Amino acid sequence: MAHTDMDELLDIIGEEDDIDDLPVILPLLPVRDVVIFTDMLLPLVIGRDKSMRAVDEAVAKKGYLLLTAQKNKVVEEPGADELYTMGTVGKILRVLKMPDGRLRVLVQGVAKAKIIKYVLKKVLFRVKIEIIKEQHVEKITMEIEALMRNVREHSARILAIRGDLTNDVGAILDTIEGPGKLANLVASNLRIKIEEAQTLLEDLDPVSRLKRVNGFLSHEFELSTMQAKIQSEVNNEISKSQRNYFLREQVRAINKELGDDDEKAREITEYKKKIKDAKMSREANKEALKQLKRLEQMYPDSAESSVVRTYLDCLVDMPWSKSTSDEINIKKAKQVLNKNHYGLDKIKDRILEYLSVRKLKSKIKGPILCFAGPPGVGKTSLGKAIADAMGRKFVRISLGGIRDEAEIRGHRRTYIGAMPGRILQGLKQAKTNNPVFMLDEIDKLGSDFRGDPSSALLEALDPEQNFAFSDHYLNLTFDLSNVMFILTANSTDTIPSALLDRMEVISLSGYSEEEKAAIARKFLMPRQVEENGLEQKDVSLTSPALLQVIREHTLEAGLRNLERELGTICRKIARKIAEGKEGTFTVTKNNLQDYLGVRKYYPEMELKTSQVGMATGLAWTQAGGEVLYVETSLMPGKGELILTGQLGDVMQESARTALSFARANIGSHGIKENFLENMDVHIHVPAGAIPKDGPSAGIVMATALISAITDQPVSKDVAMTGEITLRGSVLPIGGLKEKALGALRAGIHTIVLPEKNKKDLVEIPKNIKDKIKFIPVKDMNQVLEIAIEKK
């Protein structure tokens, strides 16, 4: 309501214009954000040209005009279809021209009216109206009186909560006697939507309108009560904070008078010293001092101050200029590497080469090595040995299953609980900027909607970029060029090519039986004896028994299961000693079953004799090399090819190529060329439950197929690996060393391999080459000459 004199307001509400004398053609004034009710007194600011012309025309006549609400308040120049048809005839009481040219108009609602038609639309809106008379309430019943009292009381309560209740307002509410006028007065002061207010205006039944107003009042009362409660809690919290701050300032002043140190000043001084001692980069030092200045100006117990403290603690704890000195003693480093690891000469040579270069040139970029090999071959433990050999700290993090990019780059400080990425956390824990940093299981990184961690690693692992690695939490660059990164993977196939390109991949093959036996004697058995509380004199493991453990109780390229089996033997002996038995317990081939039970592993298909249609291939898996048997059977049919054994797409293509080669060359073996037209070919690769795929099974499939066609057996002592073309050429393969070890474990001593893989024999240890005869071949005819036994 407008701020007018109280008596004048009461007079206005009490007055009733003779609505029968109102003009039927009036200028129209569109209003937005408000619906004007009868008896409502409201100041309006007029700025639109059409609206100002409408006011001028109304003032020139009797001062009446039609006030209608806009349907959409954002429309600047509404058309006839954007205005409600029901409005209120208003009487202009005052007009004031403002300095900016706009008009300030005080209007009072007189009567409801409905637009019949628009007489004029261009210069201004002029409409023909029909006056709408409200229904008359004949008698104020007890129900109506109770409803009116309820509306008055609700209105008074809401105004009291808002702090707007005065004696004058209370008097106005009590003065109004009609339910319609009371509904109009209260509705005009309710905070309701335009659509809801318009429905009230269009309700011609005063009692019905008052009931609806009462419903809106109840909702408004609940909202106002809740708002007041929230505001009270906020004010109490602010008052409490102000009180605490005032008390702390008093304590600070008292401490100052007593000569005691100021706690906050002491904290700031300590941070300044830590920042100076950290010897940060210029950029980091500037940021640290900036954050320290912010902390100094903050309220000590505020949430923001704790965030700044955590950030400053992280900055000063980072090893910006702290590094360890490398022990550049090549002979000593070689001894350390040999002390805990058997074999692995290629990796040891690479480390010694790096140390040699470092001895000649102090400032070089750290290498980024990737150890790829099956589980249990010593990839992780080798990283620790490298750190010991160089005299550096060792940091290891496992990347297996990580899917969030923030794990690598850190969280932005806008998040609650934000922290640096795993790389900077590792350096912080190591307290040196040049550790040996191992990223384990790089091939098992994931990615999802939170980002791609492998892409985030590109910057850290690129020697041309990692001198300025950016972490989201620090929001500063950190030099990683002194870090020696070592990555491990079981397979490089799942590592993104861009990431793989930044690594120097060194393959670790599995161990032969002799190597496993030597490692077990030198490392594994002594460790298990010590971990199980025994002494060396308590246990004696014979060489045949150890070989039997390797052959019959483990089937792996690495050493983990072997160490578990040796641990089982030691625990059995520990129990005997604990039960009071004495002496040295000797484990032999004959009593091994008492310690480990029956043998756990048998060859899938142990070939006793050479068979027709059965050939032995070699496969490489993440667990090392294995033998792969291929069975072929021919049966009457329609010339179809049946493939079983869960073969992948590549192996299925190899089988089709082998069949095409066999059919094209069937005549050279004395068989009719149309022989296969009425025969179905079934190729099966045991075991059927294990999926298989890879580009090295072509020649073994072709050999088994031609063996079945010619009814000539394939030598059981020959294993083969290589891909075939339609012309019969043998293509090179990978993983030759692992496959050779797999053949050796299966008791096979002749391997047929592609001619182009002859160069890879250099990588195979001499003790393996002494036990296996490697035969390079160029085409399938050579393979058949070696593998097929002539009847």
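Accessible area is computed here by the Shrake-Rupley method with a 1.4 Å probe. The exercises below concern a predicted model.

**Exercise 1. Overall form**

Task: State how much area the protein exposes and what share of it carbon and sulfur atoms supply. Then decide whether the protein is a compact globule or more spread out.

Solution.
- Step 1. The exposed area is about 41000 Å², and 50% of it comes from carbon and sulfur atoms.
- Step 2. The secondary structure consists of 26 helices and 26 strands.
- Step 3. For 791 residues the globule rule gives 28 Å, whereas the radius of gyration is 46 Å, well over that value, so the protein is more spread out than a compact globule.
- Step 4. The C-alpha trace spans about 130 × 95 × 60 Å along the principal axes.
- Step 5. Of the 791 residues, 46% are buried.
- Step 6. Taking contacts between residues at least 6 apart in sequence, 74% join residues at least 24 apart.

**Exercise 2. Charge**

Task: Count the positive and the negative side chains, and say how far apart the centres of the two sets lie.

Solution.
- Step 1. There are 116 positive side chains and 113 negative ones.
- Step 2. The centres of these two sets are 6 Å apart.

**Exercise 3. Cysteines**

Task: Find how many disulfides the model has, and classify C314 and C370 as buried or exposed.

Solution.
- Step 1. A disulfide is a covalent bond between the sulfur atoms of two cysteines.
- Step 2. The cut-off is a pair of cysteine sulfur atoms within 2.5 Å, and the count by this rule is zero.
- Step 3. Buried means under 20% relative accessible area. C314 has 3% relative accessibility and therefore counts as buried. C370, at 0%, also counts as buried.

**Exercise 4. Two helices and the loop after α19**

Task: List the buried residues of α16 and of α19, and say what the buried residues of α19 pack against. Then place H553 and name its contacts.

Solution.
- Step 1. Helix α16 covers residues 453-461, and seven of its nine residues are buried. These are P453, S454, A456, L457, E459, A460 and L461.
- Step 2. In α19 the buried residues are A545, L546, Q548, V549, I550 and E552.
- Step 3. An α-helix has 3.6 residues a turn, so residues three or four places apart point the same way.
- Step 4. The partners of the buried α19 residues are α18 (513-531), β14 (539-541), α20, β15 (585-587) and α21 (592-596).
- Step 5. H553 sits in the loop between α19 (543-552) and α20 (560-578). Its relative accessibility is 3%, so H553 is buried.
- Step 6. Beyond four places in sequence, H553 contacts Q548, E565, L592, L596, G597, V598, R599, K600 and Y601.

**Exercise 5. Positive phi**

Task: For K279 and D711, give the phi value, then the position and the exposure of each residue.

Solution.
- Step 1. K279 is not a glycine, yet its phi is positive, about 50°. K279 belongs to the loop between α8 (263-278) and α9 (282-297).
- Step 2. With 59% relative accessibility, K279 is exposed, the cut-off for exposed being over 50%.
- Step 3. D711, also other than glycine, has a positive phi near 60°. The loop that holds D711 runs between α23 (698-710) and β21 (713-714).
- Step 4. At 42% relative accessibility, D711 is partly exposed.

**Exercise 6. Separation in sequence and in space**

Task: Give the C-alpha separations for the pairs L173 and A187, T414 and Y473, and P776 and R412, and describe the setting of L173, T414 and P776.

Solution.
- Step 1. L173 and A187 are 14 residues apart along the chain, with 13 Å between their C-alpha atoms. L173 is part of helix α4 (residues 167-175) and is buried at 8% relative accessibility. Outside four places in sequence, L173 contacts R152, S155, A156, L182, L185 and V186.
- Step 2. T414 and Y473 are 59 residues apart, and their C-alpha atoms are separated by 9.1 Å. T414 lies in the loop between α14 (406-409) and α15 (422-430), where T414 is exposed at 71% relative accessible area.
- Step 3. P776 and R412 are 364 residues apart, with a C-alpha separation of 58 Å. P776 is in strand β26 (residues 773-777) and is partly exposed at 23%. Not counting residues up to four places away, P776 touches L753, P754, E755 and K758.

Definitions and conventions: Residues numbered from 1 in each chain as written. Predicted model: local features only at pLDDT ≥ 70, side-chain atom pairs only at ≥ 80, totals over all residues. Heavy atoms only, no water. Helix = DSSP H or I, 4+ residues; strand = E, 2+ residues; numbered from the N terminus. Rg over C-alpha atoms; globule rule 2.2 N^0.38 Å. Buried < 20%, exposed > 50% of the residue type's maximum accessible area, 1.4 Å probe, protein only. Contact = heavy atoms within 4.5 Å. Lys, Arg positive; Asp, Glu negative; His and termini not counted. Charge placed at Lys NZ, Arg CZ, Asp CG, Glu CD.
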